[in-house]
Amino acid sequence: MANQAHLDKMQLRQNYRNLWHTDLMRTIQVDPPYCCLSFWCGPCVSYLLRKRALYNDMRRYVCCAGYMPCSGRCGESKCPEFCLATEVFCCFGNSVASTRFLLQDEFNIQTTQCDNCIIGFMFCLSQIACIFSIVAMIVGSDELSEASQLLSCLADMVYCTVCACMQTQHKIEMDKRDGKFGPQVMAVPPVQQMSRIDQQVPPTVGYAPQAPYGQPYGYPPPAAGYPPPAYPPSDYPPPGYPPAGYPK
């Protein structure tokens, strides 16, 4: 049942309407220093991004953001900081993907076809490198073993590069959420909206509040401390009106 719920959530994520503020191809151009930091210090950046995605409230933390079978069973409520540190160092790839899913589900963000191709290429290259390593071990050929090592090194470089771009993409999206690209700041969602499986889609996070009933947009509310003006005014009609001789 849990696996089916995750599959349904992934299919539902394909119908999201919003887009990332920047795609994976442009992250290096938009924020080169952070992309380099994500490349060389990936686990540390993943820790900071997950904590920021939770609005710096570690009481919301669940292992792998609730996407893995171990989520909620690792004592996160007792020591969330230690559990998050263990997650980002021991399961780095899952930590990056979990933060990505967390942001996508919260802000109704879809993954573009270009991003899907890049991520798919990363996984395919890693699988091919693994297959070559197994074949080289079985055959025992020095040339094939050397080729498998080069392919594994290439796969690791692609993996680290794509993860760095993904983390930079997450950082830019949270900069947008926190109002660094404009004056509007999104509100912190309630705790129940951080649940990944039973969350209502699309969420209401970040949407402007509705105007009170009967009050159109564009009209300012009455000044604080002053009652609304009476209608008709108490001094209506004015003195001398209607004029003398005017039929009533």
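A residue is taken as buried when its relative accessible area is under 20%. In this predicted model, that criterion places Gly42, Val45, Ser46, Tyr47, Leu49, Arg50, Arg52 and Ala53 of helix 4 among the buried residues. Helix 4 runs over residues 42-53. Its 12 residues reach 16 Å from the first C-alpha to the last, close to the 16 Å expected at 1.5 Å a residue.

The buried residues of helix 4 pack against four other helices, namely helix 3 (32-40), helix 5, helix 6 (92-107) and helix 8 (142-177). The pairing with helix 5 (80-90) was examined further. Two packed helices are described by the angle between their axes and the distance between the axes. For helix 4 and helix 5, the axes come within 9 Å and cross at roughly 135°. Helix 4 is therefore oblique to helix 5, since an angle counts as roughly antiparallel when over 145 degrees and as roughly perpendicular from 65 to 115. The crossing of the two helices, helix 4 and helix 5, is right-handed. On the helix 4 side, the contact involves Pro43, Ser46, Tyr47, Arg50 and Lys51. These residues meet Glu81, Leu84, Ala85, Glu87, Val88 and Phe89 of helix 5. Ser46, Tyr47 and Arg50 also appear among the buried residues of helix 4.

The loop between helix 4 and helix 5 contains Tyr55 and Cys64. Most residues other than glycine have a negative phi. Tyr55, although not a glycine, has a positive phi of about 60°, and this residue comes just after helix 4. Tyr55 is buried, with a relative accessible area of 16%. Cys64 is likewise a residue other than glycine with a positive phi, in this case near 55°. Cys64 is buried as well, at a relative accessible area of 2%.

The cysteines were then considered for disulfide bonding. The structure holds 0 disulfides. For Cys64, the closest cysteine sulfur is that of Cys63, at 4.0 Å. A disulfide requires a pair of cysteine sulfur atoms within 2.5 Å, so the separation between the sulfurs of Cys64 and Cys63 is too far for a bond. Cys124 has a relative accessibility of 47% and counts as partly exposed, whereas Cys64 is buried.

Key: Residues numbered from 1 in each chain as written. Predicted model: local features only at pLDDT ≥ 70, side-chain atom pairs only at ≥ 80, totals over all residues. Heavy atoms only, no water. Buried < 20%, exposed > 50% of the residue type's maximum accessible area, 1.4 Å probe, protein only. Expected span 1.5 Å × (residues − 1). Contact = heavy atoms within 4.5 Å. Axes fitted to C-alpha atoms, helices over the stretch in contact; angles between N-to-C directions. Parallel < 35°, antiparallel > 145°, perpendicular 65-115°, else oblique. Left-handed = near helix turned anticlockwise from the far one by under 90°.
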